[in-house]
Each structure stands twice: as structure tokens, then as C-alpha cells.
Amino acid sequence: MSTQTAVLKKDITPQGSDYEIVRRAIEKISLDYRDQPSLEELAEEVGETPTGLQKLFTRWAGLSPKAFLQAVTLDHARRLLDSGMPLLETSFELGMSGPGRLHDLFVTHEAMSPGDYKTRGAGLTIRYGYHASPFGTALIMATDRGLAGLAFSDPGEERAAFADMSSRWPNAIYVEDLAATGPYAARIFDPTLWRPDQPLHVVMIGTDFQVRVWEALLQIPMGKARTYSSIAASIGAPSASRAVGAANGANPLSFVVPCHRAIGKSGDLTGYHWGLTRKRAILGWEAGQVSS
């Protein structure tokens, strides 16, 4: 069978895109959070004026750089743990919390049968397209039953993102179809379109265990996080924290199935398949959505 590849055919980065500058600011925050970098230090790092960065960052995230730092750094998570909050608390606060639940408002899902999964996508047509998003280029994949994949990439990494995603279902037929994937991109990243009467339908293609983990991730409210051990306990496998971590990392529906809301037992934000800086960016963006 021939190896399928994909190439981004045109530049989809909007003029004046915020994310690249915000990403660099978040990297500075992530590396130097113990020193609590000032707005002036962050601005110097990214080549902006303090006022310009404050406005840009707040427009992008709904939070100031200082509020973002307080919301999602490891230091803040550990302070919450030090205050006596149980490690296996069902809802582990990260910054600003609220009643919003992405899955309650927006997402319905179904899982393909184990037999369908074992065929590695044989007989399945997956339409894909690259789209601008608040977190860099988004690769969106969909079947006729709903959204099946969402990945992220930085400029120049689009081919690698496609190779990663298509390797999960190597026997599928892949068709580039921006007309099919565009509506998903528009709805996923626009909170004003998260409506219970018009839910986003997703199809989960994975093992039984993976699907159980992904379904558990959908139960984590926006603005909150849960430990891997807590997720393991919630699916009736309390000793399977490592397996839960692996399933979390294999989640093909990034952002929509919120694997970014899973954290380590110590309160560490841990890794993220599409980069820890992007994980912090998503958590901060969500904190801004909840606070507004």
C-alpha cells in the first residue's frame, strides 16, 4: 500500500496572527514562571511594547499575561495542592472556574465498533483540510458520520501532523476537502456557535479502553482539570493511570475531546501530544472564555 502524504497548498495564516507572538510569550512564562516575569520582560522577549502585548494577549486569550500566568502555571497548580485540595478531587481547579461545560453545550459522540477499528480504517473515507485556529494550523479530519480527527501544527509541520494522524488509520482513503472540513473549523473555535440545539457530532475511532478514557475527558468542565489517576478511577480502572496517560496522548480529537485538561498527580501539567506550550495556551484561552 502506498504511503499517503499531504501538503499545505496555500498559506492560511491570517495577517497579523496573534498566536505566534502569544506562543512566544507563553514559552517565556512556562520557562520562567518561578521568577514571575513582568509584562515588560515578556514584551521585550517577543519584540512588542508592554501596552501592545497587553492588548494583543488579552484580545487573544481574554486574560492579561499576568492573569494567564496565575491561571495555568505549574506553580499555581501546586499552590492549590498545597492548600489541601485532594489529589483525586473530581474537579481540580486551574485558575478561573465556572459552570461552562463544552460537552454539555456542544458535543455529542459515538464510537466505531471494535471491528471497524481493527480494520485500521479500511473502507473508510476521511476528508481533511488545514485551517487557521487560535492555536496555530489545525488539521481537521471528518467522516460522513462526523468529526474524527483534530491535530495542530506550527508552520512547516503540516506534513508531519498529517503523517501522525493518518498513521492511526492507515487503510483509510484520504481526500483533501476544505469545503467539508471548513464548517467544523468554524464551529469548533467559535464559542458563540457552541449550542446544545446544534451539537457537534464526533466519532471516536479507537480501542474500547481508549474510547472510555476519551468519554471521561468529555466530563471535565472547561476551566478545570483532573489527574490521570482520577480519570482512571472514574472509568473503573484505578490502577491504570499509565494506560490512561497513553490513551490521553493518543486522543485524535484534540481540543474537542479535552485531553489538555488532564494533569499529573503532582499537579504538573505534564506533556501534550501537540506541545506543552500549546496545552498552556489552550488552558489559558479556556480560562478566558469561562471568565467572560
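1. A salt bridge here is a side-chain nitrogen of Lys or Arg within 4 Å of a carboxyl oxygen of Asp or Glu. Arg-127 and Asp-177 fit that rule: their side chains meet with N to O at 3.3 Å. Arg-127 sits in strand β3 (residues 125–133). Asp-177 sits in the loop between β6 (173–176) and α9 (178–188). The two are 50 residues apart in sequence, so the bridge ties together separate parts of the chain. Arg-127 is partly exposed, because its relative accessibility is 34%.

2. Keep in mind that this is a predicted model. The protein has 292 residues, and 51% of them are buried. Its secondary structure comes to 13 helices and nine strands. The exposed surface is about 12800 Å², with 52% of it supplied by carbon and sulfur atoms.

3. How do the contacts spread along the sequence? Take those between residues at least 6 apart in sequence: 70% join residues at least 24 apart.

4. How many salt bridges are there? By the rule in point 1, the count is six. In general, side chains of opposite charge can pair when their charged atoms come close. The next three points take up further pairings.

5. Arg-261 and Glu-286 form a salt bridge, with the closest N and O atoms 2.8 Å apart. The pair links distant parts of the chain, 25 residues apart. Arg-261 is in the loop between α12 (241–249) and β9 (262–263). Glu-286 is in helix α13 (residues 276–291). Are these two residues buried or exposed? Both Arg-261 and Glu-286 are buried.

6. Asp-164 bridges to Arg-168, and here the closest N and O atoms are 2.8 Å apart. The two partners fall into separate accessibility classes, and the cut-off for buried is under 20% relative accessible area. Asp-164 has 23%, so it counts as partly exposed. Arg-168 has 16%, so it counts as buried.

7. Glu-20, Arg-23 and Glu-27 belong together. Salt bridges link these three residues in a network.

8. Where does negative charge gather on the surface? Asp-35, Glu-40, Glu-41, Glu-44 and Glu-45 form a negative patch there. One of them, Glu-44, lies in helix α2 (residues 39–46). Exposed means over 50% relative accessible area. Glu-44 reaches 68%, so it counts as exposed.

9. Arg-187 is in helix α9. That is the helix that follows the loop holding Asp-177. Arg-187 is partly exposed, because its relative accessibility is 23%. Arg-187 and Leu-200 are 13 residues apart in sequence, and their C-alpha atoms are 8.0 Å apart in space.

10. Please look at Phe-255. Its phi is positive, about 75°, although Phe-255 is not a glycine. Most residues other than glycine have a negative phi. Where is Phe-255 found? It is in the loop between α12 and β9, the loop that also holds Arg-261. Phe-255 has 1% relative accessibility, so it counts as buried.

Terms used. Residues numbered from 1 in each chain as written. Predicted model: local features only at pLDDT ≥ 70, side-chain atom pairs only at ≥ 80, totals over all residues. Heavy atoms only, no water. Patch = residues over 30% accessible without salt bridge, like charges linked within 9 Å, V, L, I, M, F, W, Y side chains within 5 Å. Areas by Shrake-Rupley, 256 points an atom, 1.4 Å probe, with all protein chains shown as cover. Lys, Arg positive; Asp, Glu negative; His and termini not counted. Charge placed at Lys NZ, Arg CZ, Asp CG, Glu CD. Helix = DSSP H or I, 4+ residues; strand = E, 2+ residues; numbered from the N terminus. Buried < 20%, exposed > 50% of the residue type's maximum accessible area, 1.4 Å probe, protein only. Contact = heavy atoms within 4.5 Å.
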